[in-house]
Amino acid sequence: MTPMLKHLIMKIKSTGPITVAEYMREVLTNPLKGYYMHQDMFGEQGDFVTSPEISQIFGELIGIWFISEWMATGKSPKFQLVELGPGRGSLIDDILRVFTQLSSILANCEISVHLVEVSPKLSEMQASMLTNEKVELPESSSAYMHGISKTGIPIFWYRNLNEVPEGNSFYLAHEFLDALPIHKFQKTENGWRELLVDIDPEASDKLRFVLAPSSTPASKSFIHDQESRDHVEVCPDAGVTIQKLASNVENNGGAALIIDYGHDGTKTDTFRGFRGHKLHDTLLSPGSADLTADVDFSYLRRMVQKRVATLGPLKQKEFLKNMGIDVRLQVLLQNTDDAVTRSHLFQGYQMLMDKMGERFYFFALLPHYRFKPDHSLSSPVAGFGELLWK
């Protein structure tokens, strides 16, 4: 009986069965007991490992992608790099190292980093990795923390994407959307019914899934008219997020890069838990394991409503190969004689390209003018085609 389970049982007893979305939101981000709020869940000692933790090459190539797109969209004098859910800060650290190495290209550009992070524990870890010192900001400020990177770039922390200043922004969301709350729906003889979480009548300290006896507001609102599947997961928070990114890219330029495991509107039941790098029952010991669901890229595309151009989803291994991962690996191997380092580099490469390379996808939002044949900025998009430097 975890503290979170006690909390959920009391909640269900007082208000009735809750949606899967409400369950996920409580389990993952409850300020007092949420899974993400007070622990480090990354790496071998945690519950899962991410690509930036596996190899520096991953973040380096993404850093090159952002510089390439900044160049392709006109080299704006300001460059806001915004990451949603930055984890430990490893990915942004690798990207900033690339910015330093290519500082001559970015010499006349004012760069700032904006991190959207709800977890006090993770924001402290990010600040420790990225800054020499950080300052807590007053509640009147839109950001709650500020720091300066080791190379002099200002970094700001926000609890909500809406608090990030608008402008020429380049957004990054790596394994962010998959942790946002989903609603689950089942097709029945009486129409679509929402899956809810209830107390198991045969075990008062356990939870179970039940079908709502009638339609819910969510089942009326979120099922696509042309839906052919009999079980559907919908993530409204992902829809709101992608609309916000699309609006800013449309109005202010920039780009957005989404990296996650997912599908293009074909999968059904993908809701699962992870604990100690193994699959874990989603309703067992809530608060002690990560909860996740595959991203539906077809849903993201619909939510964008053609306000911007979309590219992908493209498999991670194809994107990284297009970005020159093989060349970068060879350079790193040539620069070290240490057998352990060489082995680590090669193992990291294999993990990024093999298992993870098949499961993870890259999806981008770009302003429409990037693709007009008669426009001076029209050129192939790095990663999704041949990488060109001008």
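How many helices and strands does the secondary structure of the protein come to?

## Overall build

In this predicted model, the secondary structure comes to 13 helices and 18 strands. The radius of gyration is 22 Å, close to the 21 Å that the globule rule gives for 390 residues, so the protein is as compact as a globular protein of that length. If you like to think in boxes, the C-alpha trace spans about 65 × 50 × 45 Å along its principal axes.

Burial and contact range round out the picture. Of the 390 residues, 55% count as buried. Among contacts between residues at least 6 apart in sequence, 72% join residues at least 24 apart.

## Helix 1 and helix 2

Let us start at helix 1 (residues 3-15), whose axis comes within 10 Å of that of helix 2 (residues 20-29), the two crossing at roughly 145°. The crossing of helix 1 past helix 2 is right-handed.

On the helix 1 side, the contact is made by Met-4, His-7, Leu-8 and Lys-11, which meet Glu-22, Tyr-23, Glu-26 and Val-27 in helix 2. By character, these residues divide into four nonpolar, one polar and three charged. A general point helps when reading such a list: an α-helix has 3.6 residues a turn, so residues three or four places apart point the same way.

## Helix 6 and its surroundings

Next comes helix 6 (residues 120-130), where the buried residues are Leu-122, Ser-123, Met-125, Gln-126, Ala-127 and Leu-130. What do these buried residues pack against? Their partners are helix 5 (90-101) together with strand 3 (110-116), strand 4 (131-136), strand 5 (145-149) and strand 6 (154-158).

## Helix 8 and helix 9

Further along the chain, helix 8 (residues 236-252) packs with helix 9 (residues 297-304) at an angle of about 45°, with the axes 9 Å apart. That angle makes helix 8 oblique to helix 9. Helix 8 passes helix 9 in a right-handed crossing. From helix 8, Pro-236, Ala-238, Gly-239, Ile-242, Gln-243 and Ala-246 take part, and they meet Tyr-299, Leu-300, Met-303 and Val-304 of helix 9. The residues of this contact divide into eight nonpolar, two polar and no charged.

Helix 9 also holds Ser-298. Is Ser-298 buried or exposed? Its relative accessible area is 13%, which is under the 20% cut-off, so Ser-298 counts as buried. Leaving aside residues up to four places away in sequence, Ser-298 touches His-263, Asp-264 and Gly-265.

Technical notes
Residues numbered from 1 in each chain as written. Predicted model: local features only at pLDDT ≥ 70, side-chain atom pairs only at ≥ 80, totals over all residues. Heavy atoms only, no water. Axes fitted to C-alpha atoms, helices over the stretch in contact; angles between N-to-C directions. Helix = DSSP H or I, 4+ residues; strand = E, 2+ residues; numbered from the N terminus. Parallel < 35°, antiparallel > 145°, perpendicular 65-115°, else oblique. Left-handed = near helix turned anticlockwise from the far one by under 90°. Contact = heavy atoms within 4.5 Å. Nonpolar A, V, L, I, M, F, W, Y, C, P; charged D, E, K, R; others polar. Buried < 20%, exposed > 50% of the residue type's maximum accessible area, 1.4 Å probe, protein only. Rg over C-alpha atoms; globule rule 2.2 N^0.38 Å.
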